[in-house]
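Here are my notes on this one, as promised. Have the viewer open while you go through them.

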Amino acid sequence: MKQVYTGKTKDVYALENGHYLLKFKDDVTGEDGVFDPGANQVGLRIDGIGRRNLRMSVLFFEELARRGIRTHYVCADVEQNSMEVLPARMFGRGLEVICRYRAVGSFFRRYGAYIGEGAPLDAYVECTLKDDALGDPLITSEGLEALGIMSQAMFDRLKHETRQIAGVVRELLAEKGLELYDIKFEFGFVGDEVILIDEIASGNMRAYRDGKVVPPIELSDLLLGGQ
């Protein structure tokens with residue numbers, strides 16, 4: 001097993017069978033010690049969040065599979081904090097996709113002059129290029145096409161998949177009395193098929209209950225029943 005990538009919240013290893021192994025860490029993104037799923041840097045460490053994020057990812061990936069939505073998920077070893085996934089090519093050097101249902105976090109910081117904090121958004125989808133030095137700059141579909149990262153047709157599929165998957169997550173959270181405000185995904189492609197990669201975990205989403213944000217550990221425990 002050879003390590004091929006060191007990430008903010010996971011490390012990636014190449015397996016002999018051609019698949020990859022994701023090792024989950026206890027780091028989450030944020031700024032100044034405050035959790036923010038839209039941030040482009042590690043903001044704090046939360047003991048046990050790596051395993052919880054893995055359990056949540058398994059929960060959501062298996063639910064997506066039941067609904068016929070393909071992802072890179074193969075299997076997981078919770079005791080080893082690891083998940084085996086299919087190989088998929090990244091868009092460019094990495095692309096993050098955020099689906100927003102309410103104006104909070106970095107979205108509100110950018111556009112607060114035009115919208116109230118917490119105002120509803122209609123599954124607004126935005127993309128950022130993974131580039132820590134440049135602060136993960138926002139990019140439009142036209143920009144992605146101009147840079148040769150993806151065509152407009154592929155972007156349309158990406159946007160559809162994003163909204164479909166976010167809708168599943170939102171539905172499952174609602175069953176626990178939680179409201180999903182935003183969620184961050186990563187996608188890759190096999191041939192011309194766009195598929196979800198990376199994880200679906202509390203460190204990449206923001207959920208509220210009774211008007212208050214639910215911390216990542218509490219969110220995980222609510223969904224997993226404290227496992």
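Which strands each supply at least two residues of the lining of the largest pocket? They are β1, β2, β3 and β13 (179-190). Keep in mind that this is a predicted model. My points follow.

1. The pocket. The largest pocket holds about 740 Å³ of space. Its lining counts 31 residues, and those nearest the centre are Y5, V12, K130, E186 and D198. With three residues, β13 makes the largest share of that lining.

2. Two of those central residues face each other in the strand pairing. V12 in β2 is the bridge partner of Y5, and both are among the residues nearest the pocket centre. One pair along, T6 sits opposite D11 in β2.

3. The five-stranded sheet. This sheet is open, its strands come in the order β1-β2-β3-β8-β7, and the pairing is antiparallel. At the edges you'll find β1 (2-6) and β7 (73-77), each with a single partner strand, so one side of each has no neighbour in the sheet. On average, and ignoring direction, neighbouring strands here are turned by 25° against each other. As a reminder, strands of a sheet pair through backbone hydrogen bonds, either parallel or antiparallel.

4. From β1 into β2. A hairpin links β1 to β2 through three residues, and four bridges join the two antiparallel strands. β2 itself (residues 10-14) is mostly covered, with four of its five residues buried.

5. From β2 into β3. Five bridges hold this antiparallel pair together. Y13 has L21 in β3 as its bridge partner, while D11 stands opposite K23 in β3. D11 is also the residue opposite T6, which makes it a handy place to click when you step across from β1 to β3. The hairpin of β2 and β3 has five residues between the strands, and G18 there takes a positive phi near 90°.

6. On to β8. β3 and β8 run antiparallel and are joined by four bridges. L21, the partner of Y13, has E84 as its bridge partner in β8. If you're colouring by face, remember that in a regular strand the side chains alternate between the two faces of the sheet.

7. What lies across the sheet? Helix α1 (residues 49-66) lies across β3 (20-24), β7 and β8 (82-85). Against β7, the helix runs at about 145°.

8. The three-stranded sheet. There is also an open sheet with the order β5-β4-β6, again paired antiparallel. Its edge strands, β5 (34-35) and β6 (42-45), each pair on one side only. Strand β4 (residues 27-31) meets β5 over two bridges in the antiparallel sense, and G30 stands opposite F35 in β5.

9. The core. Which residues touch the most other members of the largest nonpolar core? Those are L173, I200 and M205, in a core of 50 residues. Helix α4 (residues 152-174) gives the most to this core, with nine residues. The general background is familiar: in soluble globular proteins, nonpolar side chains tend to be buried together.

10. Where I'd end up looking. β2 ties several of these points together: it pairs with β1 over four bridges and with β3 over five, and it supplies at least two residues of the lining of the largest pocket.

Key: Residues are numbered from 1 along each chain as its sequence is written. This is a predicted model: local features need pLDDT of at least 70, side-chain atom pairs count only at pLDDT 80 or more; totals for chains, interfaces and linings use all residues. Side-chain values use heavy atoms; hydrogens and water are left out. A nonpolar core is a set of buried Ala, Val, Leu, Ile, Met, Phe, Trp, Tyr and Cys residues joined through side-chain atoms within 4.5 Å. Buried means under 20% relative accessible area, exposed over 50%, partly exposed in between (1.4 Å probe, protein chains only). Two strands pair if DSSP finds at least two bridges between them. Axes are lines fitted to C-alpha atoms, for helices over the stretch in contact, and angles run from 0 to 180 degrees between N-to-C directions. Contact means heavy atoms within 4.5 Å. On a 1 Å grid over the protein atoms alone, a cavity is a set of points where a 1.4 Å probe fits but cannot get out, and a pocket is an open set with protein on both sides within 12 Å along at least five of seven lines; lining residues have an atom within 4 Å of a point. Grid points are joined across faces, edges and corners, and a volume is the space filled by probe spheres set on the points.
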